Amino acid sequence: MIRYIDELTKEELKGKRVLLRLDLNAPLDDNGITDTYRLEKAIETIDFLRGMDAKIIILSHLEDKEGGNGSLLPVWNYLSGYFKTEFCTTYFSPEAIEKVL
């Protein structure tokens with residue numbers, strides 16, 4: 001049965017790793033993020049999971065102006081202003097696996 005995230009209880013989430021796939025394609029210019037709407041909405045979900053003592057793993061990507069892969073570093077910097085985060089520039093690498101486990 002499909003459930004909504006807010007139907008999950010603390011007992012179900014406490015200490016569990018939650019893989020959270022987010023669309024963090026925030027518009028950027030040379031000075032950084034120009035519209036934080038998507039990030040603010042993501043923070044609501046992240047805060048809910050943090051309140052349930054879940055261990056959150058966020059997956060996302062960011063397209064640059066040319067449609068290629070951009071760095072999520074500006075997004076990480078923004079989110080770090082709200083809670084402690086770690087950033088990994090790669091996936092399926094020893095560094096990434098160590099952070100998740």
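## Helix 2 and its packing

The buried residues of helix 2 pack against helix 1 (10-13), strand 1 (17-21), strand 3 (32-33), strand 4 and helix 3. Contact here means heavy atoms within 4.5 Å; helices (H or I, at least four residues) and strands (E, at least two) are DSSP runs, numbered from the N terminus. The model is predicted: local features need pLDDT of at least 70, side-chain atom pairs count only at pLDDT 80 or more, and totals for chains, interfaces and linings use all residues. Residues are numbered from 1 along each chain as its sequence is written, and side-chain values use heavy atoms, without hydrogens and water.

## Two sides of one helix

Leu39, Ala42, Ile43, Ile46 and Leu49 are the buried residues of helix 2 (under 20% relative accessible area, 1.4 Å probe, protein chains only). They cover an arc of only 125° around the axis, so they sit on the same side of helix 2. The arc is that of the directions from the helix axis to the C-beta atoms. Tyr37 and Glu44, on the other side, are exposed (over 50%).

Asp53, just after helix 2, takes a positive phi of about 60°.

## The largest pocket

The largest pocket holds about 1400 Å³ of space. Among the 35 lining residues, Ile57, Ile58, Leu59, Glu86 and Cys88 are the closest to its centre. A pocket is an open set of points on a 1 Å grid over the protein atoms alone, where a 1.4 Å probe fits, with protein on both sides within 12 Å along at least five of seven lines; lining residues have an atom within 4 Å of a point. Grid points are joined across faces, edges and corners, and the volume is the space filled by probe spheres set on the points.

Strand 4 gives the most to the lining, with 5 residues.
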